[in-house]
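Reader: I have just opened my first protein model and would like some help looking at it. Could we go through its charged pairs and its inner spaces together?

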Amino acid sequence: MIEDVKKAILPYQEQLLDHPLYSSLKTPNDLQRFMEHHVFAVWDFMSLLKSLQTSLTQTRTPWYPLGNPEVRYLINEIVLAEETDINLDGKRQSHFEMYLDAMKKAGASTQHINSFLEHIIHGTDIFLVIAVSELPKSVKKFLRFTFEVITEGKPHKIAAAFTFGREDLIPGMFTQIIGNIQQNFPKKDLTLFKYYFDRHIELDGDEHGPMALQMVSELCGDDAKKWQEVEEVSIKALQKRIQLWNGIELEIRENVAV
């Protein structure tokens, strides 16, 4: 069943791998624009993850065993690394916090993401926050899809967006792009940004990728309808990622034209 999903989403993955965004990232300013958009995808990834933890493990008290122990282990193991990994200084930090530090180091603005989070922390409805924000349309559509999946509350669909809706090969491309920019602009320190992607590659390739695939298999079992829904959500998630990339590439192109 996993192989059927992989086959169905392959054309969309290829679109992402061949996207013109990568060739447009030539200067520190270009990379800053990218980070200011992409940080929202880094953030909502954690929301998908915590939603899975809430639905697949027992997070309330009194405690009692909930669900499949294998799935519980898989999701808790991923949460541990994503929420409390080791940063470049050897201290515990979530990947999202690492990304924010990388943005500051690279000179990217964190104003929009910080303002967005302030509303979330104060308890404002997520869909209202998205609607009234001044974020680009591509970012809004990306976030809206994520939280529609989360709100529906079906673990196999959330797991699909988490597993197949997030690119596996793209971080390697950014590692190369970062190296090229640092070579051409040696005064720009992108060390933290490179570390974020290196860590992303290491964990996803060796641990989280296989774990996530196993989680989807455990959640769907032999249910053909669930597998069909996994395929549909995975395709939509990749389409939203392509639209997000389109929005970033367009903004970079327009800034260059100006």
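Author: Gladly! Keep in mind that this is a predicted model. Let us begin with one pair: Asp 85 and Arg 199 form a salt bridge, and their closest N and O atoms are 2.6 Å apart.

Reader: Which elements hold Asp 85 and Arg 199, and how many residues apart are they?

Author: Side chains of opposite charge can pair when their charged atoms come close. This pair connects distant parts of the chain, with Asp 85 in strand S1 (residues 85-86) and Arg 199 in helix H11 (residues 191-220). Along the chain, the two are 114 residues apart.

Reader: Are Asp 85 and Arg 199 buried or exposed?

Author: The cut-off to use here is that buried means under 20% relative accessible area. Asp 85 and Arg 199 both fall in that class, so the word for each of them is buried.

Reader: Lys 194 and Asp 198 also form a salt bridge; what is the distance between their closest N and O atoms?

Author: Both residues sit in helix H11, and because they are four residues apart there, about one helical turn separates them. Lys 194 is partly exposed, at 29% relative accessible area, and Asp 198 is partly exposed too, at 30%. For this salt bridge, the closest N and O atoms are apart by 2.9 Å.

Reader: Where does Glu 249 lie, and does it count as buried or exposed?

Author: Glu 249 is in helix H12 together with Arg 253, four residues or about one turn away. The two form a salt bridge with closest N and O atoms 3.0 Å apart. Arg 253 is partly exposed, with a relative accessible area of 47%. Glu 249 has a relative accessibility of 12%, so it counts as buried.

Reader: Now the inner spaces: how much space lies in the second largest cavity?

Author: Rolling a probe the size of a water molecule over the atoms shows where empty space is left. The count comes to three cavities of 30 Å³ or more. The second largest cavity holds about 60 Å³.

Reader: Which helix gives the largest share of the lining of the second largest cavity?

Author: Among the residues lining this cavity are Phe 142, Phe 145, Ala 237 and Lys 240. Two elements give two or more residues each: helix H8 (137-152) and helix H12 (224-257). By class, the lining has five nonpolar, two polar and two charged residues. The largest share, three residues, comes from H8.

Terms used: Residues are numbered from 1 along each chain as its sequence is written. This is a predicted model: local features need pLDDT of at least 70, side-chain atom pairs count only at pLDDT 80 or more; totals for chains, interfaces and linings use all residues. Side-chain values use heavy atoms; hydrogens and water are left out. On a 1 Å grid over the protein atoms alone, a cavity is a set of points where a 1.4 Å probe fits but cannot get out, and a pocket is an open set with protein on both sides within 12 Å along at least five of seven lines; lining residues have an atom within 4 Å of a point. Grid points are joined across faces, edges and corners, and a volume is the space filled by probe spheres set on the points. Ala, Val, Leu, Ile, Met, Phe, Trp, Tyr, Cys and Pro count as nonpolar, Asp, Glu, Lys and Arg as charged, and the others, Gly among them, as polar. A salt bridge is a side-chain nitrogen of Lys or Arg within 4 Å of a carboxyl oxygen of Asp or Glu. Buried means under 20% relative accessible area, exposed over 50%, partly exposed in between (1.4 Å probe, protein chains only).
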